[in-house]
Number of protein chains: 2
Amino acid sequence: MRIGELAERAGTTTRTLRYYETLGLLPARRAGNGYRAYDEDDLRLLRQIQTLRDFGFGLEETRPFVECLRAGHPAGDSCPASLAVYRRKLAELDECIAHLNGVRQQVGAQLAEAERAMAALEATATAPGGPGPRCELGPHDPHDGDEATGRRAG
Amino acid sequence: MRIGELAERAGTTTRTLRYYETLGLLPARRAGNGYRAYDEDDLRLLRQIQTLRDFGFGLEETRPFVECLRAGHPAGDSCPASLAVYRRKLAELDECIAHLNGVRQQVGAQLAEAERAMAALEATATAPGGPGPRCELGPHDPHDGDEATGRRAG
DNA sequence: GTAGACCTTGACGCCGACGTCAATGCCAGG
DNA sequence: CCTGGCATTGACGTCGGCGTCAAGGTCTAC
């Protein structure tokens with residue numbers, strides 16, 4: 001099949017497939033006219049990549065799984081290199097989750113404290129039966145909470 | 001004080017301070033020679049920014065806190081807009097943590113399963129050795145919050 | 001008067017995973 | 001023949017938070 005069909009069947013875009021090819025993740029054979037030619041196995045490789053990416057794996061981290069599949073193994077995680085990636089990822093996840101839990105606690109404490117202070121001020125400044133709470137929330141895209149890129153000399 | 005001194009006292013770089021200024025986050029007065037001039041209040045604003053950034057807040061999210069301080073309030077979170085950011089962040093954190101916990105479980109299960117299958121075949125493993133764990137796991141796709149644009153049609 | 005330590009603005013680089021043109025080629029249908 | 005829908009490569013844009021030059025101005029010390 002050609003790139004458009006593979007993209008559609010996998011629910012992705014041709015741009016993505018070409019990108020994966022530049023990474024060597026999903027190389028394609030070529031038809032006589034220069035068009036990329038894919039088969040069902042390529043679809044499987046692609047699905048493996050997508051599954052891992054949905055878990056938050058970087059594309060490079062999916063490589064061992066893809067190569068494992070291409071080596072003829074029944075599953076992408078039938079190889080030691082893949083298991084190593086799993087383990088690394090688990091450690092990363094644990095660290096990240098712990099970090100976020102810590103942050104959550106601190107932010108929660110800050111909020112509670114600030115709310116307490118605000119309530120004290122409003123009680124002294126506003127009369128009873130006043131207006132409702134302000135609603136200044138706007139649309140936003142969820143980011144992650146991370147750091148670890150070298151900042152703050154410390 | 002000048003930019004170099006402020007940077008040093010805050011443990012950051014001049015580049016960062018100029019960047020904050022372009023964002024309007026930390027505007028500076030100017031000395032006669034064109035040099036940026038900061039005072040102790042600016043240092044406080046900067047410290048507020050840093051604290052929030054350490055929590056994983058984006059720079060834009062620190063703006064209400066900074067403006068709150070500049071408005072003369074005792075703390076950056078003495079204003080309703082700041083509290084709104086806190087609450088939004090908490091919700092984000094909760095969502096992110098829940099997501100990561102789910103992923104962790106799935107990856108853990110995958111690993112366990114793969115290890116079982118591997119054990120049945122062979123018992124050879126490679127020694128690990130990574131550069132260091134980073135926490136860059138996102139709750140989901142950072143560029144768009146849903147799959148309407150086409151990936152993983154399912 | 002000159003080194004050199006500070007400052008200025010401007011502009012490009014980086015990371016990840018693509019999106020989005022642009023210019024052009026291939027092929028089937030009317 | 002032309003239209004139109006697929007394909008090709010190439011290259012720049014995006015987002016966030018800066019790093020890293022580059023070319024020059026300013027002030028201080030010797």
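These are my notebook entries on a predicted protein–DNA model.

**Ground rules**

I am working from a predicted model, where local features need pLDDT of at least 70 and side-chain atom pairs count only at pLDDT 80 or more, while totals for chains, interfaces and linings use all residues. Residues are numbered from 1 along each chain as its sequence is written, chains are lettered from A and ligands numbered from 1 in the order in which they are written, and side-chain values use heavy atoms, with hydrogens and water left out.

**Entry 1: chain A overall**

I started by listing the elements of chain A and got 5 helices and 2 strands. For these I took DSSP runs, numbered from the N terminus: helices are H or I with at least four residues, strands are E with at least two. Read from the N terminus, the order is α-α-β-β-α-α-α.

Next I looked at burial. Of the 154 residues in chain A, 34% are buried (under 20% relative accessible area; exposed is over 50%, partly exposed in between, with a 1.4 Å probe and protein chains only). The chain exposes about 8900 Å², and carbon and sulfur atoms supply 53% of that; the areas come from the Shrake-Rupley method with a 1.4 Å probe, and for residues only the protein chains shown count as cover.

I also checked contacts (heavy atoms within 4.5 Å). Among those in chain A with a separation of 6 or more, 45% are between residues 24 or more positions apart.

**Entry 2: DNA strand C**

Which residues come closest to DNA strand C? I found Thr16(A), Tyr20(A), Gly4(B), Arg18(B) and Arg36(B), out of 19 residues that surround the strand. A residue counts as near when one of its heavy atoms lies within 4 Å of the strand.

By class I noted 6 nonpolar, 6 polar and 7 charged residues. In this scheme Ala, Val, Leu, Ile, Met, Phe, Trp, Tyr, Cys and Pro are nonpolar, Asp, Glu, Lys and Arg are charged, and the others, Gly among them, are polar.

Helix H2 (14-22) of chain A, plus helix H1 (3-10) and helix H2 (14-22) of chain B, each supply at least two residues here. H2(A) gives the most, with 4 residues.

On the DNA side, 68% of the strand C atoms within 4 Å of the protein belong to sugar or phosphate, and the rest to bases. I then went through polar contacts (a pair of N or O atoms within 3.5 Å; within protein, one must be able to donate a hydrogen and the other to accept it, and residues adjacent in sequence count only if both atoms are side-chain atoms). With phosphate oxygens of strand C, I noted these:

- The side chain of Thr13(A) has an N or O atom at 2.9 Å.
- A polar backbone atom of Leu59(A) is at 3.2 Å.
- Arg36(B) has a polar side-chain atom at 2.5 Å.

**Entry 3: DNA strand D**

I repeated the search for strand D and found 20 residues around it, with Gly4(A), Arg18(A), Arg36(A), Thr16(B) and Tyr35(B) nearest. They split into 6 nonpolar, 6 polar and 8 charged. H2(B) has the largest share, 4 residues. Of the strand D atoms within 4 Å of the protein, 67% are sugar or phosphate atoms and the rest belong to bases.

For phosphate oxygens of strand D, I wrote down a polar side-chain atom of Arg30(A) at 3.0 Å, one of Asn33(B) at 3.4 Å, and a backbone N or O atom of Leu59(B) at 3.2 Å.

**Entry 4: Phe55(A)**

Where does Phe55(A) sit? I found it in the loop between helix H3 (40-54) and helix H4 (59-70) of chain A. Phe55(A) is buried, at 13% relative accessible area. Leaving out residues up to four places away in sequence, Phe55(A) touches Val103(B), Gln106(B) and Val107(B).

**Entry 5: cysteines**

How many disulfides are there over all chains? I counted 2, taking a disulfide as a pair of cysteine sulfur atoms within 2.5 Å.

In chain A, Cys68(A) pairs with Cys79(A), S to S 2.0 Å. The torsion about their S-S bond is about 85°, so the disulfide is right-handed. Cys68(A) lies in helix H4 and Cys79(A) in the loop between H4 and helix H5 (80-125), so the link ties together parts 11 residues apart in sequence. Both Cys68(A) and Cys79(A) are buried.

In chain B, Cys68(B) and Cys79(B) form a disulfide with their sulfur atoms 2.0 Å apart, and this link is right-handed, with 85° about the S-S bond. Cys68(B) and Cys79(B) are both buried.

Last, I checked Cys96(B): no disulfide there, and the nearest cysteine sulfur, that of Cys96(A), is 6.0 Å away. Cys96(B) is buried at 2% relative accessible area, and Cys96(A) is buried at 0%.
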